[in-house]
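Q: I would like a close look at a single part of the protein shown here. Please treat it in its surroundings and in one connected account.

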Amino acid sequence: MSILTNTALTYEAQTAGSTDDMLSRTLDVISPIDTHLWSAIKKDSDEVKQDKQEWLTRSLAAAAENAQLEGDQRTPSALSESTRIYNNHQILAKIFAISGSREKTSSPSNVNSEAYNVAEQLKLLAQDLEYMAWRGVRQDGATATARKARGALNWMTTNVTNLNGGTVAADGTISGGSKLALTKQMVKDTMQNCFVSGGKPTKLYAGPFQVNKISEFADIGNYRREVDKGKMEDYVDIYRSPTGQVEIITHRNFPTDVVATMDLSHWKKAIWRPVKKELVPSNIDGRVIDLRTECTVVARAEASSGRVVNLENS
């Protein structure tokens, strides 16, 4: 079959500009934003007074036999000394500019508006906060050097499983070591070490690849829990070991070669400057928006938690 000569077709109409544009008024945004740790840890009760958050920690002596002579002369024992620890408050910001003309331009889901872009940038700021809370490497600031906070993973230096030839640097980062596939024994050993140190992990955080590995372990069960108003939460993976039970949290923005078991009761967040929106003075035909916060992670007792490192991730 053939097209009759001079038949008006949609192709020519679109090229000539004689048809209305059809742009969907719905905008889909598919970007993973997980803030599992930052949302879970509680705010530190201590008042924030400077750019460095400091706290004390101490370890108690192990249990021992204690029997005294009747009528014995009392001799005092030496008291435990505290260790002073600190973390830096890190400044995080999202800054964007939008012209007056663009903000007035009609758009699907109002994506050109200041309000829409503020909401979007706040999500991205939350994502960066989570990155800092987990992976931050502490850096003391200077005139030309930004302060950086130490994240939870790099705080955990007492209970590190599967170094496999690697070393833990003073800042908590891991260097070297051979990669191995995650095993149930690695998770059990980490939970045991946390328990012996005085912790009681209740959460296990891992990326999708390592969670799939965990799902292959024996003794893993899926449970449903009833939540408010009679609704049912989706499956929650629980792993039980001889030294405790952890809920498995799949984290989309987690390091792919690490698994962490966390006792969140010993972790806090300190917020020096809460998130604030400010209009930056400028001479542009539009507005410059600054979204900014300053905060840090407080590791009251890092030995309460642990991590499995140097894991195969493909």
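Which residues in α4 are buried?

A: The model is a predicted one, and every value below was computed from it. In α4, the buried residues are Glu114, Asn117, Val118, Gln121, Leu125, Leu129, Glu130, Met132, Ala133 and Trp134. The helix itself comprises residues 114-135, and its length can be checked against its residue count. With 1.5 Å a residue, 22 residues should span 32 Å, and the end C-alpha atoms are 31 Å apart, so the expected and the modelled spans agree.

For the setting, the protein has 314 residues, of which 35% count as buried. Its secondary structure comes to seven helices and 15 strands. Among contacts with a separation of 6 or more, 74% are between residues 24 or more positions apart. The protein exposes about 19800 Å², and carbon and sulfur atoms supply 50% of that area.

The surroundings of α4 include an open sheet. Four strands form this sheet in the order β1-β13-β14-β4, with mixed pairing. Because β1 (42-43) and β4 stand at the edges with a single partner strand each, one side of each is left without a neighbour in the sheet. At the β1 edge, two bridges join β1 to β13 and the two strands run parallel; Lys42 has Lys268 in β13 as its bridge partner. Helix α4 packs on this sheet, where it touches β4, β13 and β14, and its direction makes about 160° with that of β4.

At the other edge, β4 covers residues 90-99. Ten bridges join β4 to β14 (residues 286-299), and these strands run antiparallel. One point of this pairing is Ala93, whose bridge partner in β14 is Arg292. In a regular strand, side chains alternate between the two faces of the sheet. The division in β4 can be read residue by residue: Gln90, Leu92, Lys94, Phe96 and Ile98 are on the covered face, whereas Ile91, Ala93, Ile95, Ala97 and Ser99 are on the uncovered one.

A residue-level link between helix and strand is given by Asp128, which lies in α4. Asp128 is in contact with Leu92 and Lys94, its neighbours within four places in sequence being left aside. Both Leu92 and Lys94 belong to the covered face of β4. At 29% relative accessibility, Asp128 counts as partly exposed, and Asp128 is absent from the buried set of α4 given above. A further pairing across the chain is that of Asp128 with Ile33: the two are 95 residues apart in sequence, yet their C-alpha atoms are 9.5 Å apart in space.

The buried part of α4 also leads into the nonpolar interior. In soluble globular proteins, nonpolar side chains tend to be buried together. The largest nonpolar core here has 35 residues, and those touching the most other members are Leu37, Trp38, Met132, Trp134, Met262 and Trp267. The elements that give two or more residues to this core are α2 (36-40), β4, α4, α5 (152-155), β12 (259-262), β13 (267-280) and β14. Met132 and Trp134 are both among the buried residues of α4. A second, separate core of 15 residues includes Met186, Val187, Met191 and Ile214.

Trp134 can be followed one step further, to Met262. With residues up to four places away in sequence not counted, Met262 touches Leu37, Trp134, Ala152, Met156, Pro201, Thr202, Lys203, Tyr205, Trp267 and Ser305. Met262 is part of β12, where Met262 and Ala260 point one way and Val259 and Thr261 the other, all of them buried. Strand β12 has pairings of its own. Four bridges join β12 to β8 (residues 203-206) in antiparallel fashion, and Tyr205 stands opposite Ala260 there. Three bridges join β12 to β15 (residues 306-308), again antiparallel, with Arg307 opposite Ala260.

In sum, α4 touches β4, β13 and β14 of the sheet, and Met132 and Trp134 are among the residues that touch the most other members of the largest nonpolar core.

Key: Residues numbered from 1 in each chain as written. Predicted model: local features only at pLDDT ≥ 70, side-chain atom pairs only at ≥ 80, totals over all residues. Heavy atoms only, no water. Buried < 20%, exposed > 50% of the residue type's maximum accessible area, 1.4 Å probe, protein only. Pairing = 2+ DSSP bridges. Expected span 1.5 Å × (residues − 1). Core = buried A, V, L, I, M, F, W, Y, C linked by side-chain atoms within 4.5 Å. Contact = heavy atoms within 4.5 Å. Axes fitted to C-alpha atoms, helices over the stretch in contact; angles between N-to-C directions. Areas by Shrake-Rupley, 256 points an atom, 1.4 Å probe, with all protein chains shown as cover.
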